[in-house]
Every structure is written in structure tokens, then in C-alpha cells.
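Visitor: Could you take me through one part of this model with care, namely the pocket and its surroundings? I would like the criteria stated along the way.

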Amino acid sequence: MAKADKAAAVAELTTEFESSNGAVLTEYRGLTVAQLSELRHNLGDNAKFAVVKNTLTKIAARDAGVEGQLSELLQGPSAIAFVKGDVVEAAKGLRDFAKANPLLVIKGGVVDGKAMTPQEITKLADLESREVLLAKLAGAMKASMANAAATFNALPTQLAQLAEALRVKREEAGETSEAPADAAPVAAEAPAEAAQSTED
């Protein structure tokens, strides 16, 4: 490979590392071209599966700041799944393909700048995808909004009942407070009659 081609390849790999949410390193020895094509299809649009040269990838990993996470894994025939978007979905695709095709070996990788072992990538694949989590969140929010709407709809009725209860209570209180007011003149008249009788 010419020097200019090597530089271009390193620059492309560096860009892939820097712009990806995750990079999963695999060994693909023994897989056919048809199987690799199937794997690329299974990974979907948010992942790019590329066969790489270890020496150039080490330089690109160093330039992208992920050399520590990947350099030891770059042994033997290597291919990398560069993931832009949902890393869980890509991890599921790799895990499921590796189960059906044991020649694909997941060596490890880096996700959001953190080194991941093969076991951690498998655990990542067991998680629910971003879309499923968003759907669950939307469902929970919808249920909360429905409960809030029911509460708000019930408020006018409750306020009307409260207002009626207060009105009845005030009327009852008004009736009891009128009784002493009527009694006051009677009490006031009594001494006056008594005074008249003493004058007579």
C-alpha cells in the first residue's frame, strides 16, 4: 500500500473512531464473503462493519485517543463494527450472529470512551434497545397524563360540592346566630316593665 493510501486509510479510521458511539472489535477468520455480507445487513444502518489492518488501526486508535482500550486486541485478522447511534442494537446483532456463526469472535471494544470486554458487550446486548426504553417511557408518561387529566376533570365537581357544603354550613351558622339577637330586646324590655311596676 502506498504511503498516501496508508495515510488516507488511517485518517478514515480515525474519523470513524471519533464519530462513533462505539467500536466493537471482532475476529472473522473463516467467515465467507456471503456471511460477512449477512452480518453487515443484520447490524442495520447505524453500524458499519469493516475489515481493518492492525498496524493502521493501531495508529488510528492512537490518534483518536482510544489506543489503550484497543491496541492489545488488535491481533490476528480483525474487523470492527463502528456504531453510530444505538450501541445496544448493534451489540445484539453481533451477539446473535456469533451464536449462529461461531467463527465470528467478539474480542472487545470501546463504548463512549470506555473499554468493554466481550462479556460486557454480551451483557450490553441483553439490555433493551433505546427504542424500547423510549416506548416504555412514553407509555408511562401517557398513563401519568391520563391520571392527571382525570384528576383535573374531577376538580370542578369537587369544588362545586365543597362550595355547596360551605353554603349550607354558613346558612346553618346564620340561623343559630339570629337567635341571640331576637332574645336581646326581650331581655332589655324586662327591666323596663319592672321599673314601671315599682313606680306604680
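Guide: What follows is a look at the pocket, and then at the sheet beside the topic.

This is a predicted model, in which local features need pLDDT of at least 70 and side-chain atom pairs count only at pLDDT 80 or more, while totals for chains, interfaces and linings use all residues. Residues are numbered from 1 along each chain as its sequence is written, and side-chain values use heavy atoms, with hydrogens and water left out.

The largest pocket (an open set of points on a 1 Å grid over the protein atoms alone, where a 1.4 Å probe fits, with protein on both sides within 12 Å along at least five of seven lines) has a volume of about 170 Å³, taken as the space filled by probe spheres set on the points, which are joined across faces, edges and corners. Its lining, meaning residues with an atom within 4 Å of a point, includes E12, L13, K48, A50 and F82. Helix α1 (3-19) and strand β2 each supply at least two lining residues, where helices (H or I, at least four residues) and strands (E, at least two) are DSSP runs numbered from the N terminus. By class, the lining has eight nonpolar, no polar and four charged residues; Ala, Val, Leu, Ile, Met, Phe, Trp, Tyr, Cys and Pro count as nonpolar, Asp, Glu, Lys and Arg as charged, and the others, Gly among them, as polar.

Of the lining residues, E12 and K48 form a salt bridge, with their closest N and O atoms 3.4 Å apart; the term requires a side-chain nitrogen of Lys or Arg within 4 Å of a carboxyl oxygen of Asp or Glu. Because E12 lies in helix α1 and K48 in strand β2, the pair ties together parts that are 36 residues apart in sequence.

Strand β2 also belongs to an open sheet of five strands, ordered β2-β3-β1-β4-β5 with antiparallel pairing, where two strands pair if DSSP finds at least two bridges between them. The edge strands, each pairing on one side only, are β2 (47-52) and β5 (114-116).
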